[in-house]
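Good morning, and thank you for the opportunity to speak. I would ask you to keep the sequence and the model in view while I talk.

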Amino acid sequence: MKRVIPLLIIQFFVLSIYAQSIYTISGKVLCEGRGVENVVVTDGETCVITDNKGVYSIPFTKSEAQFVYISTPAGYLANESQGIPIFYEKIDRDVVKSYDFHISKNTKDDNKHLLLVHSDPQFFKMENFDMYSSVIDDCIETIGNYCDNDIVGIDAGDLVGDKPELYKTYIDYLSKTNVPFYRVPGNHDMNYGGRTHESSKQRYSDIFGPTRYSFNRGSVHYIMLDNSFYFGRDYFYMGYLDEATFKWLEQDLSYVPEGSTVFITMHIPARLTDTPAQFDYNSHSIGVQTVNVSSLFDMLKQYNVHIITGHMHYNRNIIHSSSIYEHNTAAVCGSWWQGDYCLDGTPIGYGVYEIDGNNVSWYFKSSGYPSTYQFRGYPVGANSDYPNDITVNVWNWDKDWKVEWFEDDSYMGVMEQCESFDPKVVEMCADKDKLEFKWISPMKTDHMFKGTPKKPNSKITIKVTDRFGNVFIEDI
């Protein structure tokens, strides 16, 4: 009996300590004081849904979890602060409290909504905002053309160029659009010099919250993922989704009906080719694609998926399957604010997605140009790669577009796709004294097209038809 009492005491203290490390996060999701049911709530590890009174409860066992947050349901809006959606609350381990979320009814029908996609603003000094202000003005003008639509924005990472002190100015400028922007971190949003990947996004999270989360707009489920995996050395990273992200994603998708439209945003591309290519494990190869993306594709087979990525500072559309389409979006900063173009000749700009139920159409909006500006043509002699040809850059091209040409009003057929530098980028990069970063150089792209005129000084007309049947015509 004497031995049993000390053993019971030891067991009591062990259970007490264990109970202190495992507790429940609970609260309500409310709209105008009433509970909202079937809202997904998570701590980034476990997903649960609210009951018919809006109450949720998460058994909290992971000490790494920083936030508790909701997947804002369709028809509702999260609170905002300067255009930053506040759908989360930081977990306070020192206080037992109810984590309640207050959402509001969307006054517009979000089944028909507009999505604006920015990527890689990548500010490295205050002077960059002089050019950014023109992009913001252009966004405001575009938004004005859709005043009856519900509008939401996404920024696909590299919000700053390793300059966290510029986050505030970035927020100030983007908030002028009066549109809530959701975002993911990029490799230039990391805490370089940290010891692990797990701690590498802390300065980002202090301002913008969780790095993996979801929200809903109309029929679309939006998922935001961090795939910029930090190695633990300055500027060493790869595109990679860790197991914690996959486990969370499995739970998040379990609440999304099969056949739904799903948008996934990551900074680093999923893959840059339509089909798997030979893969070399060097710093460049692993830094421009998600090395374990096949597992993500397997999880997404039952959905109609649009993947939004950035990182590359060029425009590229990749059709991975009949149900998975990747939009690698050109940089808002172009060539790091050194000129008017990205490395492939895509003008500074952003993506515009018109969404009606499960129907999605899109175009690239070049800043300072009308929405019909979808290509740029060059006369014979302008392109040193093809000096005897006319060439055309169609920056938002995919294999369902058609590029045709006419010579003196005679139909010459479909233009031949080729790989080439864009002459405007060659010109932009020619004078290195004008470039702050001397390493910036033009990049060959395969969304170029060429044709050989039969005679000099003939009238050349280009006709481009996008995948939605929109026709754009220009003489060069």
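I shall go through the empty spaces, the nonpolar cores, and then a few local regions.

Please bear in mind throughout that this is a predicted model.

Let me begin with enclosed space. Rolling a probe the size of a water molecule over the atoms shows where empty space is left. How many cavities of 30 Å³ or more does a search of the whole structure find? There are four. The largest cavity has a volume of about 70 Å³. Among the residues that line this cavity are N315, R316, N317, H327, N328 and T329. Further along the sequence, G351, Y353, W362, Y363, F364 and N396 also belong to the lining. At least two lining residues come from each of strand 22 (316-321), strand 23 (324-328), strand 24 (349-356) and strand 25 (359-366). Which of the strands supplies the largest share of the lining? That is strand 25, with three residues. Sorted by class, the lining of the largest cavity holds seven polar, four nonpolar and one charged residues.

I turn now to the pockets. In the largest pocket there is about 700 Å³ of space. Its lining consists of 32 residues, and those nearest the centre of the pocket are H284, V288, H311, M312 and Y314. Two elements, helix 6 (283-287) and strand 31, give two or more residues to this lining. Helix 6 contributes the most, namely four residues. By class, the lining of the largest pocket comprises 13 polar, 12 nonpolar and seven charged residues.

The second largest pocket holds about 570 Å³ of space. It is lined by 24 residues, with E64, Q66, E198, T211 and R212 closest to its centre. Strand 6 (67-71), helix 4 (202-208) and helix 5 (243-253) are the elements that provide two or more residues of this lining. Helix 5 gives the most, with three residues. In the lining of the second largest pocket, nine residues are charged, nine are polar and six are nonpolar.

Next, the nonpolar cores. The largest of them has 66 residues. Which residues have the most contacts inside the largest core? They are Y56, V68, L115, F263, L296 and Y353. Y353 has already appeared in this talk, as part of the lining of the largest cavity. V68 offers a useful example of the surroundings of a core residue. Leaving aside residues up to four places away in sequence, V68 touches I25, V41, T42, D43, Y56, I58, F87, Y88, E89, I91, Y99 and F101. Another core, of 38 residues, lies apart from the largest one, and includes Y146, V160, A331 and I348.

Burial can also be followed along one helix. Helix 3 (residues 167-174) is mostly covered, with six of its eight residues buried. The buried residues are Y167, T169, Y170, I171, Y173 and L174. Among the elements that cover them are helix 2 (128-144), helix 4, strand 9 (84-86) and strand 13 (112-118).

Just before strand 13 in our account of the chain comes a loop. N111 is located in the loop between strand 12 (104-105) and strand 13. Is N111 buried or partly exposed? N111 counts as partly exposed because its relative accessibility is 29%, and buried means under 20%. Not counting residues up to four places away in sequence, N111 touches G218, S219, I355, D356 and G357.

Let us compare this with T465, which is found in strand 32 (residues 460-465). T465 has a relative accessible area of 17% and is therefore buried. Beyond residues up to four places away in sequence, T465 is in contact with W401, K402, E404, N470 and V471.

One of those contacts, K402, brings us to a hairpin. Strand 28 (residues 402-407) and strand 29 (residues 410-414) pair in the antiparallel sense over four bridges. Which residue of strand 29 is the bridge partner of F406? The partner is Y411. Two residues lie between the strands of this hairpin, and D408 takes a positive phi near 50°.

I close with K432, in the loop between helix 8 (423-430) and strand 31 (445-451). With a relative accessibility of 29%, K432 counts as partly exposed. Again not counting residues up to four places away in sequence, K432 touches K438, I440 and S441.

Thank you for your attention.

How values were computed
Residues are numbered from 1 along each chain as its sequence is written. This is a predicted model: local features need pLDDT of at least 70, side-chain atom pairs count only at pLDDT 80 or more; totals for chains, interfaces and linings use all residues. Side-chain values use heavy atoms; hydrogens and water are left out. On a 1 Å grid over the protein atoms alone, a cavity is a set of points where a 1.4 Å probe fits but cannot get out, and a pocket is an open set with protein on both sides within 12 Å along at least five of seven lines; lining residues have an atom within 4 Å of a point. Grid points are joined across faces, edges and corners, and a volume is the space filled by probe spheres set on the points. Ala, Val, Leu, Ile, Met, Phe, Trp, Tyr, Cys and Pro count as nonpolar, Asp, Glu, Lys and Arg as charged, and the others, Gly among them, as polar. A nonpolar core is a set of buried Ala, Val, Leu, Ile, Met, Phe, Trp, Tyr and Cys residues joined through side-chain atoms within 4.5 Å. Buried means under 20% relative accessible area, exposed over 50%, partly exposed in between (1.4 Å probe, protein chains only). Contact means heavy atoms within 4.5 Å. Two strands pair if DSSP finds at least two bridges between them.
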